[in-house]
Amino acid sequence: MPTERTIQHPDGSVERTTTTDGPPVVAERRGGGMGAVVALILGLLVVGVIAYFLLNMSQSERVESDAIAGAAESVGAAAENVGEAAQSAVPAAN
């Protein structure tokens with residue numbers, strides 16, 4: 001059988017307490033799971049940013065390799081031109 005007590009404080013507030021003779025009731029509060037959703041979104045965002053930078057790094061290495069190959073071709077063509085000029089400058093010794 002529940003017992004109700006009422007306490008009136010000097011500041012005018014009233015406190016009501018109800019007690020029962022049965023076993024204690026434990027009320028658990030659980031979160032709605034919103035924290036897990038936010039953590040998942042942040043995790044995916046971090047993975048996306050890392051992937052973006054890795055892909056850009058790979059592309060910049062490819063651009064650098066292409067530039068080096070183009071420069072090597074230019075040096076080869078210049079050397080060929082110098083060789084042709086040297087042959088035409090020296091008269092044939094026959």
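This passage describes confidence, surface exposure and aromatic contacts in a predicted model. Local features were considered only at pLDDT of at least 70 and side-chain atom pairs only at pLDDT 80 or more, whereas totals for chains, interfaces and linings use all residues. Residues are numbered from 1 along each chain as its sequence is written, and side-chain values use heavy atoms, with hydrogens and water left out.

The mean pLDDT (the predictor's confidence in each residue, from 0 to 100) of the protein is 83, with 95% of its residues reaching 70 or more. Among the elements, which are DSSP runs (helices H or I of at least four residues, strands E of at least two, numbered from the N terminus), β2 has the lowest mean value, 83, and α1 the highest, 87.

In the loop between β2 (14-19) and α1 (34-89) lies G32, whose relative accessible area of 85% places this residue in the exposed class (over 50%, with buried under 20% and partly exposed in between, for a 1.4 Å probe and protein chains only). The C-alpha atom of G32 is separated by 35 Å from that of R5, which is 27 residues away along the chain.

Within helix α1 is I41, which counts as exposed because its relative accessibility is 53%. The count of aromatic pairs (rings of Phe, Tyr and Trp, the last by its six-membered ring, with centres within 6.5 Å; planes under 30 degrees apart are stacked, over 60 edge-to-face, the rest tilted) comes to 1. This pair joins Y52 and F53 in an edge-to-face arrangement, at 5.6 Å centre to centre and 70° between the planes, and both residues, Y52 and F53, are exposed.
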